Amino acid sequence: MKKLVYVCSLSTKFAQIIKPIITLVSFQFTTSATEPTFTDLDEDVEDTMLLIIQDKDLLRHSVGSNLRTGLHVLDLIDQGSLEPNLEIYNRLLKKCTHLRKLKEGKVVHTHIVSSKFKSDLFLWNTILHMYAKCGCLADAQKTFDKMPYTDMVTWTALITGYAQNDKPEEAITLFPKMLSVGLKPNQFTFASLFKACGAAPSNRQGRQVHAFCIKYGFDLDVYVGSALLDMYARHDDISEAHLVFDGLVSKNEVSWNALIACYARKGEGEDALKLFLVMQRANFKPTRFTYSSIFSACACMGALEQGKWIHAHMIKSGEKLIAFVGNTLLDMYAKSGSVEDARKVFDRLDKSDVVTWNTILTACAQHGLGKETIQRFEEMLRRGIKPNEISFLCILNACSHGGLLSEGQRYFQLMMEYKVEPKVDHYVTIVDLLGRAGHLGRAERFIREMPIEPAAAIWGALLGACRMHGNMELGKIAAERVFELDPYDSGPHVILANIYASQGRWKEAAMVRKMMKESGVKKEPACSWVEIENSFHMFVANDDSHPQIEKIHKMWESVYEKIKSVGYVPDTSNVLLCVDDQEREVKLQYHSEKLALAFALLNTSPSSIIRIKKNIRICSDCHAAIKLVSKVMERKIVVRDKNRFHHFSHGFCSCGDYW
């Protein structure tokens, strides 16, 4: 067992008097009566006695009302039973830091100030470090300001404290001041500065610190390099991050994880997966942070098969499913279309925090499981987990997509009880909830009576509802407000043009498209993709570039005849061009999701689930067609569009045709 040995210099006579007391005190610090805690020295050494105190008892509280400090070790010093030295103070401060015992740390600090070591720089630095680690930055700054003199360690400790406690600007501001007093930064200074720069609004200051790092010769240090790489990665500057990564003489797990996380955040999942494989070939073992980033990358792509492989790899490596990794794994399964696997992960997590609950709520909401979302939200409340603004956004979205009008309004009011102030996204959801239910007038009144200024997204929600219900006049008003607030968003322009076109107002539709062209607003092209054997195949409307395009067309023509025989009627209102009905019907058959579906039917086994992703909202014609395909081909089909998942089976959709 680890022990600390403190030496007391006592007179022979005083030693004889105090020895029984010390022996008693010493035995109080032991865990076993057979383990000696007091040692007699040879009789020749009359003036020295040893008191052995176990490390775990350093912060033992005093017993008795007449003891001044409240800490037993410090009271022994005050009584003259222990000779104070740098070692004992250092150990006490380190213990307070490690256990985050701020109250006890302040007691030790006060004791040092009144001791003969009150001017010792080493102890002052340790005190400052203790306050910083405990998150008490005000006391850390006061300590810094009162120090008789400082060194590089002092400045680095304060910079690190601010950087690690989400105060990047304060940390960065200290750097030029440090240089101005003639101190030279070391690798720990730069690592903390790059952490702070990574949390700053831009990487401008980070680039300046990078230049100083090169000047002082620390840019090739693996510890500094990893922090520098992470700084560029957090600002989504992949090119600079990759340059730093390639320039590192030696790499570690931190540098690999930082670059993988950068690709994952940028939505470049394929590159993140490739880097993960290269990392393994380089004999670096993935950590929990690696797996978390890779699961996020798979979630972004909807790459279920690759996500399952990574999950199996994690299990095989012996990595435990701790909270934040479990949350990203749950999110991966949900966003990849397997809500069943998401439920399994949720049920197997040992500890569930509010993020975990929010993730499963989001999963249920996105998959159109409105009632299950409500059940889980109520269970969350029963378990005493306080919902935050994300929790309420999840439940409101579920109510909106499920047509649960009264429930959505009730949960919006419940936000007040939990002192959660509604943000723009919450107001958007309520407008969407009212609009989808056909209460367009109420939705408009709600917008005008809101306590905040309506953002473009709020008017956009009303515009989408107007398109759904064919309200051209109100749609025009909503569109005009969106154009004022966000003139470069193509979505509202396209929706308004489609409202006009759907009612045969071709002149007005053409005017909107002309306005888009003159303003430089470009419509995002619709595309769909499907994952087959760990490979992604992407399609756009009227696509003829795929090597199997002839087989794809033949397959869809065959399927088209089958669904027509069971009642499919093309919804030509989705072709917003001034052409005849026959040409409209032809154009409908080459939408990207239909091509992706035909390709999947050609290349998957009859028992497997087909999973299709689309970057914009699925059109009503494709929705109706895929419902019937699931019936005539006896296949389960999952389509993830921009807003939600649609699970098609036996001729029905999980959304209940309400989307």
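## Strand by strand: a mixed sheet and a helix pair

Start with a single pair of residues: Ile 610 stands opposite Ile 637 in β7. Keep in mind that this is a predicted model. The exercises below work outwards from that pair.

**Exercise 1.** Work out in which sense β6 and β7 pair, and what links up with them to make a β-α-β unit.

*Solution.* Begin with the bridges: β6 and β7 are paired in the parallel sense, over four of them. Now look for the helix. Helix α32 (residues 620-632) makes a β-α-β unit with β6 and β7, and the unit is right-handed.

**Exercise 2.** Follow the chain from β7 to β8 and find how the two strands pair.

*Solution.* First, the connection: a hairpin of four residues takes you from β7 to β8. Next, the pairing: β7 and β8 (residues 645-649) are antiparallel, with four bridges. For a spot to click on, take Val 638, whose bridge partner in β8 is His 647.

**Exercise 3.** Sort the residues Ile 637, Val 638, Val 639 and Arg 640 by the way they point from β7, and decide whether they are buried or exposed.

*Solution.* Ile 637 and Val 639 point one way. Val 638 and Arg 640 point the other way. As for burial, all of them are buried, Arg 640 included.

**Exercise 4.** Put the strands of the open sheet in order and pick out its edges.

*Solution.* Step one is the order: six strands run β5-β4-β6-β7-β8-β9, with mixed pairing. Step two is the edges: β5 (535-540) and β9 (652-653) each have a single partner strand, so one side of each has no neighbour in the sheet. Step three is a look at the β5 end, where β4 (residues 527-532) runs antiparallel to β5 and six bridges join them. There, Glu 531 has Phe 536 in β5 as its bridge partner.

**Exercise 5.** Find which strands helix α15 lies across, and the angle to β7.

*Solution.* Helix α15 (residues 288-301) lies across β4, β5, β6 (610-614) and β7 (637-640). Against β7, helix α15 runs at about 100°.

**Exercise 6.** Leave the sheet and describe how α9 packs with α11.

*Solution.* Geometry comes first: α9 (residues 187-199) and α11 (residues 222-234) pack at about 10°, their axes 8 Å apart. That angle makes α9 roughly parallel to α11. Then the residues: from α9, those in contact include Phe 188, Phe 190 and Phe 194, and from α11 they include Leu 228, Met 231 and Arg 234. Finally, sort the contact by type: 10 residues are nonpolar, two are polar and one is charged.

How values were computed: Residues are numbered from 1 along each chain as its sequence is written. This is a predicted model: local features need pLDDT of at least 70, side-chain atom pairs count only at pLDDT 80 or more; totals for chains, interfaces and linings use all residues. Side-chain values use heavy atoms; hydrogens and water are left out. Axes are lines fitted to C-alpha atoms, for helices over the stretch in contact, and angles run from 0 to 180 degrees between N-to-C directions. Angles under 35 degrees count as roughly parallel, over 145 as roughly antiparallel, 65 to 115 as roughly perpendicular and the rest as oblique. Contact means heavy atoms within 4.5 Å. Ala, Val, Leu, Ile, Met, Phe, Trp, Tyr, Cys and Pro count as nonpolar, Asp, Glu, Lys and Arg as charged, and the others, Gly among them, as polar. Two strands pair if DSSP finds at least two bridges between them. Buried means under 20% relative accessible area, exposed over 50%, partly exposed in between (1.4 Å probe, protein chains only). A crossover is right-handed if, with the strands pointing away from the viewer, the path from the first strand over the helix to the second runs clockwise.
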